[in-house]
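Trainee: I should like a close look at a single part of this model, with the cut-offs stated as they come up, and then some account of what surrounds that part.

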Amino acid sequence: MPEVSSRPLLLIQTAFIGDVILATALLEHLHRTEPATPVDFLVRKGNEGLVQQHPHVRQVLVWDKKQDKYRGLWRLQQQIRAAGYGRVITLQRFASTGFLTAFSGAPERIGFDKNPLARGFTRAVPHIIGAGVHEVSRNLHLLDPAYDGPIPAPRLYPTAADEAAAAPYAAAGPYLCIAPTSVWFTKQFPQEQWLKLLAALPAHYTVYLLGGPPDVAACEALLAASGREKTLNLAGKLSLLASAALMRGAVLNYVNDSAPMHLCSAVGAPTCAVYCSTVPFFGFGPLSPFSRVVEIEGDLDCRPCGLHGYAKCPLGHFQCAYGIETRQLLAALAEAEQAVMG
């Protein structure tokens with residue numbers, strides 16, 4: 001066993017599920033480059049299940065943003081100061097995590113220059129959205145500003161219980177997964193478009209609709225409207241890691257520019273990412289060995305309309321989604337089938 005470093009490191013990522021998944025690429029990098037350093041990970045309440053059993057995480061700290069948010073932030077700050085971290089690294093540009101970092105007492109306090117408390121960091125790294133720079137690369141530069149190697153994929157580790165939960169569905173013959181929803185309306189392929197795909201998919205595939213508890217109703221509505229046989233709504237029935245285990249064995253996973261795409265990246269699952277209002281150029285694209293991006297053919301003057309998307313199309317037409325053709329999605333499936341055949 002390598003000698004354990006005397007000064008542990010803390011990573012802070014309290015944003016959305018996808019952001020936490022992408023941050024796991026740093027865990028892989030740290031494990032390769034400094035395996036003796038204990039690494040703790042701070043996430044928001046609800047996301048801890050992603051990394052609680054992660055083999056490269058010593059301890060998971062949790063911030064409950066919905067209950068006693070600022071009192072909890074103060075308690076975390078005291079906990080962090082008492083832990084004696086050698087490095088505290090925030091992957092976010094918000095004042096709350098900047099506060100935890102700047103006042104952590106760690107000799108090295110690292111974050112992005114756009115954080116409002118960056119003046120309290122010992123190193124503030126430029127944050128560049130666009131230019132084709134992937135989020136994983138942006139994060140890696142917090143650890144090593146000179147890093148110019150390949151982009152390591154994020155990685156999650158489904159437990160034996162997660163694998164067992166997915167196993168009965170994975171055993172049902174060749175299957176496809178569709179994660180049809182997104183927190184942002186303009187990042188979500190519309191139901192009418194998913195219905196066209198479901199109608200065109202080869203009948204021998206079982207199709208699983210995936211999502212969390214908030215997505216159950218939308219997936220049920222999609223299932224009912226499709227009338228397709230061999231289609232099951234698994235939204236709300238599988239944990240995130242069990243969903244990832246199931247996606248890993250699919251011939252192809254159809255996802256939006258959202259958390260399920262990053263789940264695929266973290267287990268190497270074949271991915272077809274549908275981009276509506278956003279673009280891969282922002283740096284959040286798929287990282288699976290087999291990845292295809294589908295977006296409207298040709299340019300739209302209004303696209304992209306924002307980094308995260310909107311509650312509705314600002315111009316009312318949502319052509320970036322409705323202009324995507326079913327044949328584009330089927331072409332990705334044909335390529336995935338060829339890849340499976342070798």
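Trainee: Where does Thr206 lie?

Mentor: Thr206 lies in strand β8, which spans residues 206-209; helices (H or I, at least four residues) and strands (E, at least two) are DSSP runs, numbered from the N terminus. Before going further, please keep in mind that this is a predicted model, in which local features need pLDDT of at least 70 and side-chain atom pairs count only at pLDDT 80 or more, whereas totals for chains, interfaces and linings use all residues. Residues are numbered from 1 along each chain as its sequence is written, and side-chain values use heavy atoms, with hydrogens and water left out.

Thr206 counts as buried because its relative accessibility is 6%, where buried means under 20% relative accessible area, exposed over 50%, and partly exposed in between, with a 1.4 Å probe and protein chains only. Once its neighbours within four places in sequence are set aside, Thr206 is in contact (heavy atoms within 4.5 Å) with Ala172, Pro174, Tyr175, Leu176, Lys230 and Leu232.

Two of these contact partners come up again in what follows. Leu176 stands opposite Val207 in β8, and β7 and β8 pair in the parallel sense over 4 bridges; two strands pair if DSSP finds at least two bridges between them. Lys230, for its part, is found in the loop between α7 (216-226) and β9, and it has a positive phi of about 60° although it is not a glycine. That deserves a second look, because most residues other than glycine have a negative phi, and most peptide bonds are trans. With a relative accessibility of 40%, Lys230 counts as partly exposed.

Stepping back, we can place β8 in its sheet, an open one of 6 strands in the order β9-β8-β7-β10-β11-β12, with parallel pairing. Here β9 (231-233) and β12 stand at the edges with a single partner strand each, so one side of each is left without a neighbour in the sheet. Neighbouring strands of this sheet are turned by 20° against each other on average, direction ignored. Helix α11 lies across β7, β10, β11 (271-274) and β12, and it runs at about 145° to β10; the axes are lines fitted to C-alpha atoms, for helices over the stretch in contact, and angles run from 0 to 180 degrees between N-to-C directions.

Salt bridges tie some of these elements together, and the structure holds 8 of them, a salt bridge being a side-chain nitrogen of Lys or Arg within 4 Å of a carboxyl oxygen of Asp or Glu. One of them joins the side chains of Asp257 and Lys187 at 3.8 Å, N to O, and this pair links distant parts of the chain, with Asp257 in the loop between β10 (252-256) and α9 (259-267) and Lys187 in the loop between β7 (175-179) and α6 (191-200), 70 residues apart. Both Asp257 and Lys187 are buried. Another is formed by Glu297 with Arg327, whose closest N and O atoms are 2.7 Å apart; Glu297 sits in the loop between β12 (291-294) and α10 (319-322), whereas Arg327 is in helix α11 (residues 326-341), 30 residues away. Glu297 is partly exposed, with a relative accessible area of 49%, and Arg327 likewise counts as partly exposed, at 48%.

The loop between β12 and α10 holds two further points to check in the backbone. Pro304 is found there, and a cis peptide bond with omega about 0° joins Arg303 and Pro304. Phe318 has its place in that loop too, with a phi near 50°, a positive value in a residue other than glycine; unlike Glu297, which is partly exposed, Phe318 is buried, with a relative accessible area of 4%.

Elsewhere in the chain, strands β4 and β5 (residues 108-112) pair in the parallel sense over 3 bridges, and Val88 stands opposite Arg109 in β5.
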